[in-house]
Amino acid sequence: MIHSFTPNTLKKAIMFLRKGELIGLPTETVYGLGGDATQDQAIARIFEVKNRPSFNPLIIHGHSLASFNKHVIWNEKAGALAKAFWPGPLTLVLPRSPSSSISLLASAGLDSLAVRIPKHPVALTILEAFGGVIAAPSANLSGKVSPTQSHHVEEDFPNLFILEGNSTSVGLESTIIDLTGPSPELLRPGGISRENIEAVVGTLEQPSTSYIKSPGRLKSHYAPLLPLRLNAHSPLETEAYLAFGPTSLKGPHILNLSKNKNLQEAASNLFKMMRLLDKTFLKGIAVAPIPLTGLGLAINDRLERAAAPRES
Ligand code: TXA
Ligand code: MG
């Protein structure tokens with residue numbers, strides 16, 4: 001159920017977290033399915049209710065840099081990135097500290113941890129009141145489109161305690177940078193553009209390993225039910241259309257990510273509009289070409305994954 005955010009529902013949320021139960025909470029990227037990162041039982045429940053492959057590790061959310069001190073080992077580049085972009089849509093993968101009490105299940109057996117400080121006031125208030133760290137994947141069933149509004153969360157998890165936080169402002173998941181190796185690697189493009197990150201730490205490597213390091217890298221992901229056709233300049237008669245930029249096309253099955261080609265607006269509309277067009281029950285969704293600059297990199301990444309052949 002969805003609850004407005006009040007002192008009373010804040011108290012309830014904290015109580016649920018302490019008991020090892022889950023809550024739905026807004027962040028500036030997408031809504032998260034949160035649980036106490038130090039309780040194995042809470043983490044196990046996250047994997048279970050999401051139906052998530054157990055090798056896919058979770059992002060750990062904290063209120064301040066200090067919340068991560070006993071959990072990860074910092075380095076200079078991580079410090080510079082945190083200073084530049086936190087709180088905000090950036091996740092840093094760092095070596096796990098031997099003193100960390102975070103559930104091993106949360107990092108799926110890796111000797112690293114992915115951490116971030118979110119920017120949404122509701123998430124920050126919860127993290128501060130809770131005083132600990134919260135593991136939170138996107139609050140959707142595994143492989144499905146991420147939620148950018150509270151009712152999206154309720155559709156997948158009708159019994160969950162969900163806090164209202166309006167439409168998420170960024171609308172795409174955080175950018176993930178791996179800082180465990182000799183040079184930073186871009187594991188997942190996201191809410192902070194590659195260009196902005198490179199301005200702080202220099203050129204980013206593509207992931208060097210062939211095994212799945214960041215299973216947001218699973219080929220089919222973020223998938224709507226209808227098949228997607230990318231880089232389409234117009235829809236077929238049997239298709240809905242997701243436009244980008246000025247268009248003369250009109251109709252109930254035509255939505256526009258951004259009429260004036262603003263990539264930030266397009267990012268924040270992407271998942272919501274994919275969900276809406278999915279409900280037109282036509283034969284498919286055609287999507288206009290999106291430039292590969294700035295947030296366009298992350299938008300294209302999500303679209304390609306949504307269009308990839310489905311694993312059954
Ligand atoms: O914006 C976001 O990051 C949202 C909000 C809720 O914070 N969370 C999110 O979580 O997108 P999720 O679970 O959907 O994606 C987590 C990603 C996965 O691709 C996972 O593989 C990667 O983080 N990840 C987590 N721990 C990792 C680690 N130790 N090393 C490499 N990748 C890791
Ligand atoms: Mg996800």
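Let's start in the middle of a sheet. Strand 5, residues 90-95, and strand 9, residues 175-178, pair in the parallel sense over 4 bridges. At that pairing, Val-93 stands opposite Asp-178 in strand 9. Helix 3 packs on the sheet here and touches strand 5 and strand 9. Its direction makes about 160° with that of strand 5. One caution before going on: this is a predicted model.

Now the whole sheet. There are 10 strands, and they form an open sheet. The order is 1-8-2-3-7-4-6-5-9-10. The pairing is mixed. Which strands sit at the edges? Strand 1, residues 2-3, and strand 10, residues 185-188. Each of these two pairs on one side only.

Next, strand 3. This strand covers residues 32-36, and 5 of its 5 residues are buried. On one side, 3 bridges join strand 2, residues 23-25, to strand 3. These two run antiparallel. A hairpin through 6 residues links strand 2 to strand 3. Gly-24 stands opposite Leu-33 in strand 3. Strand 3 also pairs with strand 7, residues 134-135. That pairing is antiparallel too, over 2 bridges. There, Asp-36 stands opposite Ile-134 in strand 7.

What lies across this part of the sheet? Helix 1, residues 7-18, lies across strand 1, strand 2, strand 3, strand 7 and strand 8. Strand 8 is residues 161-163, and helix 1 runs at about 135° to strand 8.

On to the other sheet. Here 4 strands form an open sheet in the order 11-14-12-13. The pairing is parallel. Strand 11, residues 228-229, and strand 13, residues 254-256, stand at the edges. Each has a single partner strand, so one side of each is left without a neighbour in the sheet.

Let's walk through the pairs. Strand 11 and strand 14 pair in the parallel sense over 2 bridges. Arg-229 stands opposite Ala-286 in strand 14. Then 4 bridges join strand 12 to strand 14, again parallel. Leu-242 stands opposite Val-287 in strand 14. Finally, strand 12, residues 239-243, is joined to strand 13 by 3 bridges. Those two run parallel as well. Ala-243 stands opposite Asn-256 in strand 13. Helix 7 packs on this sheet and touches strand 11, strand 12, strand 13 and strand 14, residues 284-287. The direction of helix 7 makes about 165° with that of strand 12.

How do the side chains of strand 14 divide? Gly-284 and Ala-286 point one way. Ile-285 and Val-287 point the other way. Are these residues buried or exposed? All are buried.

Now the pocket. The second largest pocket has a volume of about 250 Å³. Which elements give two or more residues to its lining? Helix 5, residues 150-156, and helix 7, residues 263-278. The lining includes Glu-155 and Asp-156, along with Arg-275 and Asp-278. Leu-141, Lys-144, Ala-223, Pro-224 and Phe-281 are also among the lining residues. By class, the lining divides into 6 nonpolar, no polar and 6 charged.

Stay with Phe-281 for a moment. Phe-281 is found in the loop between helix 7 and strand 14. Is Phe-281 buried or exposed? Its relative accessible area is 66%, and exposed means over 50%, so Phe-281 counts as exposed. Its phi is near 55°, a positive value in a residue other than glycine.

Some further backbone points. Asn-231 has a positive phi of about 50° although it is not a glycine. Asn-231 sits in the loop between strand 11 and strand 12. A cis peptide bond joins Trp-86 and Pro-87, with omega about -10°. Pro-87 is in the loop between helix 3 and strand 5.

Last stop, Ala-66. This residue lies in the loop between strand 4, residues 59-61, and helix 3, residues 76-85. Ala-66 is exposed, with a relative accessible area of 52%. How far apart are Ala-66 and Pro-289? In sequence, 223 residues. In space, 42 Å, C-alpha to C-alpha.

Key: Residues numbered from 1 in each chain as written. Chains lettered and ligands numbered in written order. Predicted model: local features only at pLDDT ≥ 70, side-chain atom pairs only at ≥ 80, totals over all residues. Heavy atoms only, no water. 1 Å grid on protein atoms, 1.4 Å probe; cavity = no way out; pocket = protein on both sides within 12 Å on 5 of 7 lines; lining within 4 Å. Points joined across faces, edges and corners; volume = space filled by probe spheres on them. Nonpolar A, V, L, I, M, F, W, Y, C, P; charged D, E, K, R; others polar. Buried < 20%, exposed > 50% of the residue type's maximum accessible area, 1.4 Å probe, protein only. Pairing = 2+ DSSP bridges. Contact = heavy atoms within 4.5 Å. Axes fitted to C-alpha atoms, helices over the stretch in contact; angles between N-to-C directions.
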